[in-house]
Structures are given as C-alpha cells and as structure tokens.
Amino acid sequence: MIERIITCKSCAYFEYLPGEEDGKGSLGGMGECHRNAPKAYSPPVGHTSDDCSKSVVWPQLHDSEWCGEYERKQETW
C-alpha cells in the first residue's frame, strides 16, 4: 500500500501562485490556502496607498507545510 504525504501540495484548498507549480518557480513552491475566507490587508505603518488599504489576501505558504484542516484533492480524469 502506498501512503500519500499529507502536505499542502496534495490538499484540495491549496492553490499555487503563478509559476510556482511543483516547486519550480523562483519562490520554491509557494501558494495560497483557500480553506477560509481571505483576510483584509492593512498596509504597514507609514504607507498610505489607497489601493493596498482596500485589498484582501489569502494566507501564503509553502507546499511542504501542513495543518489540521487538510482535505485530499480529488483525482481529475
């Protein structure tokens, strides 16, 4: 029996950032977790960009990480 490694890479909620698929991008496999709703982003103190103050972001993480909310991706045909 083959055991699958339970990491973000094989999770249904994980989505790679553009160009990061399979760890081949310059960031080494970074993506976003879409398990929960995105969070509001507040720019750092001293930055006053109106565009940044109204944006939302998904948590970004590496495909080798894991959490307790894991759900296996459905196999596509």
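Tutor: Before we start: two strands count as paired if DSSP finds at least two bridges between them. And keep in mind that this is a predicted model.

Student: Okay, so which strands form the open sheet, and in what order?

Tutor: Three strands make it up, in the order β1-β2-β5, and they pair in antiparallel fashion.

Student: Which strands stand at the edges?

Tutor: Those are β1 (14–16) and β5 (60–62). Each has a single partner strand, so one side of each is left without a neighbour in the sheet.

Student: How much are neighbouring strands turned against each other?

Tutor: On average by 45°, if you ignore direction.

Student: And how many bridges join β2 to β5?

Tutor: Three, with β2 covering residues 30–33 and running antiparallel to β5. As a spot to look at, G31 stands opposite L61 in β5.

Student: What holds paired strands together, in general?

Tutor: Strands of a sheet pair through backbone hydrogen bonds, either parallel or antiparallel.

Student: Let's zoom out. How many helices and strands are in the chain?

Tutor: One helix and five strands. Going along the sequence, you meet them as β-β-β-α-β-β.

Student: What share of the chain is buried?

Tutor: Buried residues are 19% of the 77 in the chain. The chain exposes about 6400 Å², and 54% of that comes from carbon and sulfur atoms.

Student: And the contacts, how many join residues far along the sequence, say at least 24 apart?

Tutor: 54%, counting contacts between residues at least 6 apart in sequence.

Student: Switching to side chains: how many aromatic pairs are there?

Tutor: One aromatic pair in the structure. The rings of F14 and Y16 have centres 4.9 Å apart with planes at 80°, so the pair is edge-to-face.

Student: Are F14 and Y16 buried or exposed?

Tutor: Both F14 and Y16 are buried.

Student: What lies over the face of Y13?

Tutor: R35 does, at 5.2 Å from the ring centre.

Student: Last one, S10. Where does S10 lie?

Tutor: S10 is in the segment before β1.

Student: Why does S10 count as buried?

Tutor: S10 has 19% relative accessibility, and buried means under 20%, so S10 makes the cut.

Student: Which residues does S10 touch?

Tutor: Leaving out residues up to four places away in sequence, S10 touches I5, Y70, E71, R72 and K73.

Methods
Residues are numbered from 1 along each chain as its sequence is written. This is a predicted model: local features need pLDDT of at least 70, side-chain atom pairs count only at pLDDT 80 or more; totals for chains, interfaces and linings use all residues. Side-chain values use heavy atoms; hydrogens and water are left out. Rings of Phe, Tyr and Trp (its six-membered ring) pair if their centres lie within 6.5 Å; planes under 30 degrees apart count as stacked, over 60 as edge-to-face and the rest as tilted. Buried means under 20% relative accessible area, exposed over 50%, partly exposed in between (1.4 Å probe, protein chains only). A charge sits over a ring if NZ of Lys or CZ of Arg is within 6 Å of the ring centre and within 35 degrees of the ring normal. Helices (H or I, at least four residues) and strands (E, at least two) are DSSP runs, numbered from the N terminus. Contact means heavy atoms within 4.5 Å. Accessible areas come from the Shrake-Rupley method with a 1.4 Å probe; for residues, only the protein chains shown count as cover. Axes are lines fitted to C-alpha atoms, for helices over the stretch in contact, and angles run from 0 to 180 degrees between N-to-C directions.
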